[in-house]
Amino acid sequence: MEFQCPEDNAWYDVNLFCDGKELTVHYTNFSEEYDEKYDVDVFNNMEELEEFRARFRLSSVQIQDHDCKLICQGKAVSASFYLDDDDVKFYDAIVVEVLNEEHKFKKQVGGGGGKKKKKKSVCTYVVTWQHGPLVGQRTFAKITDICLNPFSKEIDPSLFTFLRIARERIEEDEQRNFATIPDIVEVFFQKLRRLRNNRFASRTVEGRLNGHCKRIELPAYDLLHLHEQ
């Protein structure tokens with residue numbers, strides 16, 4: 001699979017390892033010092049967990065010359081971006097224009113020593129970068145710069161296990177928080193009943209002896225404050 005690094009939003013091929021409540025993201029061709037570890041407890045709700053899930057997908061596939069017709073206006077692709085130090089990173093981009101050109105043929109040596117011709121795409125694509133140093137800007141790209149993102153619901157087993165554990169933990173927390181609400185309400189009414197027990201109507205003996213009933217002003221505490229008391 002590949003992972004969109006939170007640091008630069010570029011996509012990297014990764015290997016995943018789940019050890020109980022912790023997921024290790026190991027970047028392919030990088031040493032272990034670049035590994036990233038995620039614990040299920042860092043996610044406070046389902047929205048945060050889904051945002052994390054969206055950073056994983058099957059590895060993009062380099063498009064071949066004969067498949068250039070698959071790239072059309074509006075197509076979401078993964079495009080290579082060359083940095084000053086000759087390093088290459090891949091970012092999401094949208095194809096906004098296709099400049100088609102007639103394919104050229106290049107000679108290629110066959111298995112029997114003979115030569116055969118192979119089509120070579122020289123089409124140019126205008127892309128708008130979705131992430132990276134040129135986010136929001138348009139640049140040109142060739143077919144060698146373009147990778148396609150496979151449409152599949154496949155998921156790495158380690159990631160599946162980690163997401164399941166994290167989802168169960170979030171659901172347990174939500175149920176626990178919801179269960180405390182009736183208790184907080186009950187505490188509120190208990191305090192209210194205690195205050196009312198000290199009131200006496202003016203038409204009763206207690207009322208004539210102790211004075212008229214006074215209006216009770218409850219402290220402006222919220223329910224959570226009452227629960228803490």
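User: What makes residues in the lining of the largest pocket nonpolar, polar or charged, and how many fall in each class?
Analyst: Ala, Val, Leu, Ile, Met, Phe, Trp, Tyr, Cys and Pro count as nonpolar, Asp, Glu, Lys and Arg as charged, and the others, Gly among them, as polar. By this rule, the lining has seven nonpolar, five polar and four charged residues. The model is predicted: local features need pLDDT of at least 70, side-chain atom pairs count only at pLDDT 80 or more, and totals for chains, interfaces and linings use all residues. Residues are numbered from 1 along each chain as its sequence is written, and side-chain values use heavy atoms, leaving out hydrogens and water.

User: Why is this called a pocket, and what is its volume?
Analyst: A pocket is an open set of points on a 1 Å grid where a 1.4 Å probe fits, with protein on both sides within 12 Å along at least five of seven lines; lining residues have an atom within 4 Å of a point. The largest pocket has a volume of about 290 Å³. Of its 16 lining residues, Glu2, Trp11, Tyr12, Asp13 and Phe90 are the closest to its centre.

User: Which residues line the second largest pocket?
Analyst: Cys5, Glu7, Asp8, Tyr12, Tyr27, Phe30, Tyr34 and Glu36 line the second largest pocket. They divide into five nonpolar, no polar and three charged residues.

User: What makes the pairing of the Asp8 and Lys89 side chains a polar contact?
Analyst: A polar contact within protein requires N or O atoms within 3.5 Å, one able to donate a hydrogen and the other to accept it; residues adjacent in sequence count only if both atoms are side-chain atoms. The distance between these side chains is 2.9 Å, so the pair qualifies.

Technical notes:
Points joined across faces, edges and corners; volume = space filled by probe spheres on them.
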